Amino acid sequence: MQFAISRAVKRLLIALLTVCAFVGLAVSAASPVDAAARPSISKISDSTGSTSGGQRITIYGHNFRSVKSVKFGKKAGKSVKVLSSKKLQVTTPGHGRGKVRVSVRTGSGTSPSVKKDTFTYAFPPSITKISRNFGPTKGGGSRITISGHNFHRGLTVKFGGVRGKKVKYISRKKLQVTAPKHGAAMVDVRVSTSYGTSKKAKADHYTFATRPTISSVSPNVGSPAGGARVTIRGTSFAHVKSVAFGTTTATSISNPNATTLVVTTPKRAAGATNVYVRNTYGTSTASARTNFRFAEVGVTNLKIVASVGNDALTWTPHNGNPSFAQVIIRRNASTTAPTSPTDGTLVATLPASRTSYTDTTVGNAPRYAYAAFAANSASDYASPAIATAIRPGAILERTSSNVTADKLPTVQIAGDGSPTDLDAYQDAVAWSQVIIGNTVYVGGSFANAYGAGEIPPSTSNPTGTNFSPTPRANLLAYNLSTGNLITGFAPTTNAQVLSVAKSPNGSVLYIGGDFTTVNGVSRSHIAALNPTTGALITGFDASAGAQVRSIAATASTVYAGGQFTSAGGHAHSRVAAFAASTGAVTAWNASADNTVYAILLAPGGTKLIVGGNFLNLNGAPAYGVGAVSAATGASVPWKINATLRDYGSSNPGEHNGSATDTLSTDGTNVYGGGYNFSNRQVGRYEGAWSARPSDGSMNWFEDCHGDTYGVQPIGNTVYTVSHAHDCQRDGGWPDERFARSMAFTNSATGQLLHKNYGSITNGPYQDFGGLPAPSIINWFPQFLTGTATGQGQAAWTITGNATYVVEGGEFPGVNNQQQQGLVRFAVPGTTGVPPCSGCVGPQGPRISDSTSSNQTWVPTCQVSGSTNRVTFPGLFDRDDRNIAYTVTRTGGAGGTVTATFGGLQESEFWREPALLWNDTDYAANTYTYTLNATDPDGNVAHGAPTPC
């Protein structure tokens, strides 16, 4: 039995050995192939690096074919580049501090773990302090100790890219180095180890310096009493030890940077000396640029009254010892006055007794800084008196991108007149306009529309002229290109419309006002219409508890401002937001404590600008204009209200009758305007302004006294409607000549003159003198005032595009021609408009606003022997400032002679030139003189032939 089992076991063992041998052969046959294909790592070029990664390293090994990834621990390397089967490059990923295994994976497997595939992550070095952070440009000097973190042996130190010398590693937090040679400059010191390079920081600054040099001393004259502030410019002003005037040390030193010093002069005897600056490496040398004179105070109390074209200077003369023979006046076209009688531009050299001088050579420069020196010569002078003149920019000529002053045929509006009340046709006013595509939508208080050229009946003209009214109840639309009424748009409201606005894509027209029904359907002061048909959009069912005066819309939200204290049945004080889809009032919450006249979404759409006569916005003082978040209604900064403070109701009291009543934007800046009937001194303002949308900081103010009702920026121009009556502070006309519509540059060109300039020297107006101001553009269409509101105004609303400007209001005529309530103006070259065939014809030169006839424009003759002094006044042009003049002489043996006058003559309606021609070939009673004026557009005016 035992034998049998043994044989069986033996046979089993033989069988097993046979199988094992077979398998072994198979394994031994396959293994050489697999081992050859599998990648392996033999070396890593740089096995240490920063925890932030980004280090390019090279890995050596075998079988680097079809590499799928290179990993550092569990993180994949970046930008793998296989150079050969034995070499690849990879960028280390970021990783925590410590040692990790690097592995390479291909299609044949992953490299096995070996001793040389380890990579160590460590923090890069950083600098916290440099013991001595300045030194000479020649290098060397004291050893510098640098403190920081993660220093290692073998590190390098560079000063602005130049390698430091004798680097000594002390510890992980400290090292020493000697600075190299380097040019004068402040540089960053960088420490590099195998784990990276220190990042730039304030603590790593090092200044290479030489002894100082001085390039200028300003001013370079001062009183022997000392105390003058002097600015010194030059080089190597870091680590200054002293500043001396001769041998006397300055009393204080301020060192803003390595090239500027501001010092206070010491007391010193009168006379010339030099300024010296000393630092660790030496003292500056004397030169013509370091001269300083301690001199008696000469001229004092220099004052300037600036106006357009001249600066009137007054001063108190020098009366001390020593005496001086002259007053030398010099100027710079900047805010920095001349510092010596050879600096800047010479204005005048006058006797020492003079106390005034008018500089008539200033032209259109926005400002000059003057210095008045009591002097004997350019090198013998006393300390000067200095002052800066400010003035507005020049009155500018209209450009081809500006609309002309020609009124274009436009549909007109009328009230609900009747045979028994003819004058009621004048009871019409347009309050608001918006353009969608080529259509102008108008809201206001009117009952009829009628065609251009028609004249409605009145008491003085009972039949009118071709008057054919079309009923329109407070809303209408007209074609922007033709001015014709659009007959298919005829919605009705039961009371006036004060605001029309559009959705961003123009598919919805929003209206607000006093109405409570629209197209016979109940709507409380706000509604939405189809802009094509005029149909009420019933899905938008918003409501306000009282008058809505302004609307702004996004695709999702409609904002409204006005007199209401509730909206959608909830308490909302004067401003609210509604869902554009339904009209439901939203959770957006802002409030004002008085009427909101204007709201505007600022560029970017993140804030809503709010204007009105409120004092408080969201419970905090905003003084008539502020900004809130478009998302929440919370207040956000709006800086212009630190200067602009038009607020208060029309009730009697301290702050009556003031408001910001109009807002607009060109997508870059925010523009506004306001009115003021107040008697208060602070913040009274009646012009237009521009502010940055980021925080409301001021770009400019224009200070033409007269309430402003609308502001429209177009390109480089800002058009306004107002009743401007005194623009002297802007370089314009004196009080009581009205301009109902004006144009300004959209950027500042000068500064406002002070309140006491011109005919108004006191009273309730705020003094905005010195603030940045735009230029007035010579564009003055003439509007007749209306009677509809009882306020004697003309235009109340303005908008436009690159081709047209459209205005609306209560005016009965424009440029002394019938045009009631609505008018268009266009840029030159706009087709289909008389009087030019197929183009807009700019207004020509004229003798007065009331007529285009120049028959009374005749010369005055003054004969002396054979010379006739032919004098005559210049003309003005409503939209051209520059006019060319000629005088044509006919008759007599000399034939026809034409005299010209030196090119274009500048002329405005308040300031026309006086012209003279000396006809030196005169024969008595034989000549006739005819005056001619031509504007840049070719329009010609002729005076009546006048015999002399």
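**Group meeting: local features of a predicted model**

Ser79 is exposed, because its relative accessible area is 53% and the cut-off for exposed is over 50%. Before going further: this is a predicted model. Staying with Ser79, the residue belongs to strand β6, which covers residues 78-84. Its phi is near 55°, which is a positive value in a residue other than glycine.

A second residue has a positive phi. Asn815 is not a glycine either, and its phi is about 55°. Where is Asn815 found? It is in the loop between β73, residues 813-814, and β74, residues 817-818. Is Asn815 buried or exposed? Asn815 is buried, as its relative accessible area is 8% and buried means under 20%. To put the two together, Ser79 is exposed at 53%, whereas Asn815 is buried at 8%.

While we are on backbone geometry, there is a cis peptide bond to point out. That bond joins Ser218 and Pro219, with omega at about -10°. Pro219 sits in the loop between β21, residues 213-218, and β22, residues 221-222.

Next, the loop between β38 and β39. Strand β38 spans 385-390 and strand β39 spans 412-414, and Asn402 has its place in the loop between them. Asn402 counts as buried, because its relative accessibility is 5%. What does the side chain of Asn402 contact? One partner is a backbone atom: a polar atom of the Asn402 side chain lies 2.9 Å from the backbone nitrogen of Thr399. Another is a side chain: Asn402 and Thr717 are joined through their side chains by a polar contact of 2.6 Å.

Thr404 is in the loop between β38 and β39 as well. Thr404 has 0% relative accessibility, so it counts as buried. A polar atom of its side chain lies 3.2 Å from the backbone nitrogen of Asp406. So for this loop I have two buried residues to show you, Asn402 at 5% and Thr404 at 0%. For each, a side-chain polar atom is paired with a backbone nitrogen, that of Thr399 for Asn402 and that of Asp406 for Thr404.

Moving along the chain, the loop between β39 and β40. Strand β40 is residues 429-436, and Asp427 is placed in the loop that runs between β39 and β40. Which residues form the negative surface patch? They are Asp416, Asp421, Asp423 and Asp427. Asp427 counts as partly exposed, because its relative accessibility is 41%, and patch residues need over 30%.

Ser418 has its place in the loop between β39 and β40 too. At 23% relative accessibility, Ser418 counts as partly exposed, since that value is not under the 20% limit for buried. How far apart are Ser418 and Ser775 in space, C-alpha to C-alpha? The distance is 47 Å, and in sequence the two are 357 residues apart.

Last, the opposite charge. A patch of positive charge on the surface gathers Arg143, Lys165, Lys166, Lys168 and Lys181. Arg143 lies in the loop between β12, residues 134-136, and β13, residues 144-149. Its relative accessibility is 32%, so Arg143 counts as partly exposed. The patch cut-off of over 30% is therefore met by Arg143 at 32%.

To recap the charged surface, Arg143 belongs to the positive patch, and Asp427 belongs to the negative one. That is the end of my list.

Note on methods. Residues are numbered from 1 along each chain as its sequence is written. This is a predicted model: local features need pLDDT of at least 70, side-chain atom pairs count only at pLDDT 80 or more; totals for chains, interfaces and linings use all residues. Side-chain values use heavy atoms; hydrogens and water are left out. Patches are made of residues with over 30% relative accessible area and no salt bridge: like charges are joined within 9 Å, nonpolar side chains (Val, Leu, Ile, Met, Phe, Trp, Tyr) within 5 Å. Accessible areas come from the Shrake-Rupley method with a 1.4 Å probe; for residues, only the protein chains shown count as cover. A salt bridge is a side-chain nitrogen of Lys or Arg within 4 Å of a carboxyl oxygen of Asp or Glu. Lys and Arg count as positive and Asp and Glu as negative; His and the chain ends are not counted. The place of a charge is taken as NZ of Lys, CZ of Arg, CG of Asp or CD of Glu. Helices (H or I, at least four residues) and strands (E, at least two) are DSSP runs, numbered from the N terminus. Buried means under 20% relative accessible area, exposed over 50%, partly exposed in between (1.4 Å probe, protein chains only). A polar contact is a pair of N or O atoms within 3.5 Å; within protein, one must be able to donate a hydrogen and the other to accept it, and residues adjacent in sequence count only if both atoms are side-chain atoms.
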